[in-house]
Amino acid sequence: MPFKAACIQINAGREIAPNIEMVSDLIRQAADQGAELIVTPENTTMIEPDKEAQRAKTPREADHPAVAAFADLARERGIWLVIGSMSMALDDGRAANRSFLFAPDGNIAARYDKIHMFDVDVPDGQTYRESANFRPGEQGVVADLPWGKLGMTICYDLRFAYLYRALAKAGAGILTVPAAFTQFTGKAHWHILLRARAIETGCFVLAPAQTGEHAGGRHTYGHSLIVAPWGEILADAGEAPGIIYADIDMQRVRDARRMIPALEHDRTFKLPEETRAVGE
């Protein structure tokens, strides 16, 4: 049976408590509209440009107020809830950029730590060194939902197609890509990459995003998307905070993979041997 999914688009601030309150209100609105699977963006509970302040504000998972708050909210509304990511302090002084899947009973059904770190000098003049504060994850995650399997990723992971192919081959029919894409790279690549990941894998892609100007002058692109397995954009949030919805029918996954069964067509191949320089 089809079900309704929702992506929440926000402009997160520097403090955890106000962000929890703001996001919780939007999640309740989405649940009131019948959404059974709700996904929020990367950095749902904090975008803090000062790295030392970010470290100081980041609790361990056991002490994080948002973990308890969102568990209670999932239980209250009986929903599957993906909190796109939150910073979680680790023993080595760094943090994990961690996505959570909460079940309708409030339990944590899955956790995913972002694998690919955004260490980039963007041509708009901004520099990002995610690995300075965060420890990359090492484990791909596929979780069971009532309607099929969910593959969990975060933001910069989007540029690494092999991860999505691996998740799809492990059974995922829905992929989550919570993000805080920069405005510069978002304009160039966001829609294209999300549609490509959907087409390559024959999966639904749910991609909630941060939007607008944040503390420190950072600008995120917005345009949360829900993309069908054939590559059609089912919903686009534009640039304002809010909620988008789409009806998800898993038969469309089976149909897309039947028409183009690319996941069954992997072949091994060799790369050319290194050639000797001319004149040697």
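How do β3 and strand β4 pair, in the parallel or the antiparallel sense, and over how many bridges? The two pair in the antiparallel sense, over seven bridges. Before going further, note that this is a predicted model.

## Around β3

Let's stay with β3, which spans residues 80–89. This strand is mostly covered, with nine of its ten residues buried. On one side of the pairing story there is β4, made of residues 95–102; here Ser87 has Asn97 as its bridge partner. The two strands form a hairpin, with five residues between them. In that turn you'll find Gly93, which has a positive phi of about 90 degrees.

β3 also pairs with strand β2 (residues 37–39), and this time the strands run parallel, joined by three bridges. If you want a spot to look at, find Ile38, which stands opposite Leu81 in β3.

## A second hairpin

Further along the chain, strand β14 (residues 225–227) meets strand β15 (residues 233–236). Their pairing is antiparallel and takes three bridges, and Ile226 stands opposite Ala235. Five residues sit between the two strands of this hairpin, and Gly231 in the turn has a positive phi of about 100 degrees.

Positive phi values turn up elsewhere too. Here are some of the residues that have one:

| Residue | Where | Phi |
|---|---|---|
| Gly93 | turn between β3 and β4 | about 90 degrees |
| Gly231 | turn between β14 and β15 | about 100 degrees |
| Gly171 | following α4 | near 115 degrees |
| Cys155 | loop between β9 and α4 | about 45 degrees |
| His223 | loop between β13 and β14 | about 55 degrees |

Cys155 is not a glycine, and neither is His223. Both are tucked away: Cys155 is buried, with a relative accessible area of 7%, and His223 counts as buried at 15% relative accessibility.

## Helix α4 and its cover

Which residues of helix α4 are buried? In this helix, residues 161–169, they are Leu163, Tyr164, Leu167 and Ala168. These four cover an arc of only 130 degrees around the axis, so they end up on the same side of α4. Quite a few elements help cover them, including the strands β5 (108–113), β8 (141–145), β9 (148–152) and β10 (172–176), along with the helices α5 (183–201) and α6 (251–259).

## Rings that meet

Now for the aromatic residues. The model has seven aromatic pairs. Take Phe3 and Trp147: their ring centres are 3.8 Å apart and their planes are at 15 degrees, so this pair is stacked. Phe3 belongs to strand β1 (residues 3–9), while Trp147 is in the loop between β8 and β9, so the pair ties together parts that are 144 residues apart in sequence. Phe3 and Trp147 are both buried.

Phe181 and Trp190 make another aromatic pair, this one tilted, with 4.9 Å centre to centre and 55 degrees between the planes. Phe181 counts as buried at 5% relative accessibility, and Trp190 does too, at 0%.

There is also a cluster in which ring pairs link Phe118, Tyr128, Tyr156, Phe160 and Tyr162. And in a slightly different kind of meeting, Lys4 lies over the face of Tyr245, at 5.4 Å from the ring centre.

## The cores

Trp190 comes up again in the largest nonpolar core, which has 52 residues. Trp190 is among the residues with the most contacts inside that core, a list that also holds Leu37, Leu101, Leu194, Leu206 and Ile248. Setting aside neighbours within four places in sequence, Trp190 is in contact with residues including Leu158, Val177, Phe181, Tyr221, His223 and Leu225. Apart from the largest core lies another one, of 29 residues, among them Ala6, Ile27, Ala74 and Phe100.

## One last residue

What does Thr211 touch, not counting residues up to four places away in sequence? Its partners are Gln9, Ile10, Asn11, Thr220, Tyr221, Gly222, Glu239, Ala240 and Pro241. Thr211 has its place in strand β12 (residues 211–213), and it counts as buried at 3% relative accessibility.

Note on methods
Residues are numbered from 1 along each chain as its sequence is written. This is a predicted model: local features need pLDDT of at least 70, side-chain atom pairs count only at pLDDT 80 or more; totals for chains, interfaces and linings use all residues. Side-chain values use heavy atoms; hydrogens and water are left out. Buried means under 20% relative accessible area, exposed over 50%, partly exposed in between (1.4 Å probe, protein chains only). The arc is that of the directions from the helix axis to the C-beta atoms. Contact means heavy atoms within 4.5 Å. Two strands pair if DSSP finds at least two bridges between them. Rings of Phe, Tyr and Trp (its six-membered ring) pair if their centres lie within 6.5 Å; planes under 30 degrees apart count as stacked, over 60 as edge-to-face and the rest as tilted. A charge sits over a ring if NZ of Lys or CZ of Arg is within 6 Å of the ring centre and within 35 degrees of the ring normal. A nonpolar core is a set of buried Ala, Val, Leu, Ile, Met, Phe, Trp, Tyr and Cys residues joined through side-chain atoms within 4.5 Å.
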